[in-house]
Amino acid sequence: MFEAILFDNDGVLVDTEGLYFRANREVLAGVGVDLDEAAYVELFLREGIGAWHLAEARGHSAEIIEALRAARDRRYLELLDGSPILIPGVSELLPRLAARYRLAIVTSSEPGPFARTHARTGLLPHFELVLTRADYQRSKPDPEPYLRAVARLGLTPARCLVIEDSERGLRAAKAAGLCCWVVPSGLTAGGRFDAADAVLPDLGTAAERLLVG
């Protein structure tokens, strides 16, 4: 039924979402903003709007916020370099999937952290196409990232399956007219995934479905 599988990155292929939460929380705490897990899930994983407006509401200037963003990015890279990030089983599953399907990554990650992450994973050779935040104008939950990926692959939406872990990713996929299976991660486990075509416990279960027959 499917010819291509379009993977989200953070929380699906690599266990980095918690590190990004930690980097944002630590930096914002320095200016008096308490970003707890519930707020992070709402602002980042459900709405995709980030949290800098919380610093703006405390009177911090655009220059200060830009400095905070840079500090967040530096801290995130430090955490990436010092933490285990590969989700168990992914490196074994991808070669099997790549033997039968065209694989792509469609992520909201910036190119720098994405490259830093996958310099350690060895996963990228399995993927025909990678789109990061630099490759489109409007990020998830807008459908543009997935629409662009489908166009680049030269396929119709009906021939593509998306695997996501967040509500905003699911919304982006469905708005693009794609089938979407959700594999919740730690931070997204309590999400609302009624629109998903399937909600599965792990990537291994998804692979079993895709490799049957």
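## Strand β5 and its neighbours, and a helix pair

In this predicted model, strand β5 (residues 179-182) is joined to strand β6 (residues 198-199) by 2 bridges, and the two strands run parallel. Strand β5 is also paired with strand β4 (residues 160-164), again in parallel, through 4 bridges. Elsewhere in the chain numbering, helix α1 (residues 17-29) and helix α2 (residues 37-46) have axes that come within 11 Å.

**Strand β5 and its partners**

- On the β6 side, Val182 of β5 stands opposite Val199.
- On the β4 side, Val182 is the bridge partner of Glu164.
- Helix α8 (residues 167-175) belongs with β4 and β5 to a right-handed β-α-β unit.

**Side chains of β5**

- Cys179 and Trp181 point one way from the strand, while Cys180 and Val182 point the other way.
- All four of these residues, Cys179, Cys180, Trp181 and Val182, are buried.

**Helices α1 and α2**

- The axes of α1 and α2 cross at roughly 110°.
- Angles of 65 to 115 degrees count as roughly perpendicular, and α1 and α2 are therefore roughly perpendicular to each other.
- From α1, the residues in contact are Glu17, Tyr20, Phe21 and Asn24.
- These meet Glu37, Tyr40, Phe44 and Leu45 of α2.
- Sorted by class, the contact of α1 with α2 has 5 nonpolar, 1 polar and 2 charged residues.

Note on methods. Residues are numbered from 1 along each chain as its sequence is written. This is a predicted model: local features need pLDDT of at least 70, side-chain atom pairs count only at pLDDT 80 or more; totals for chains, interfaces and linings use all residues. Side-chain values use heavy atoms; hydrogens and water are left out. Buried means under 20% relative accessible area, exposed over 50%, partly exposed in between (1.4 Å probe, protein chains only). Two strands pair if DSSP finds at least two bridges between them. A crossover is right-handed if, with the strands pointing away from the viewer, the path from the first strand over the helix to the second runs clockwise. Axes are lines fitted to C-alpha atoms, for helices over the stretch in contact, and angles run from 0 to 180 degrees between N-to-C directions. Angles under 35 degrees count as roughly parallel, over 145 as roughly antiparallel, 65 to 115 as roughly perpendicular and the rest as oblique. Contact means heavy atoms within 4.5 Å. Ala, Val, Leu, Ile, Met, Phe, Trp, Tyr, Cys and Pro count as nonpolar, Asp, Glu, Lys and Arg as charged, and the others, Gly among them, as polar.
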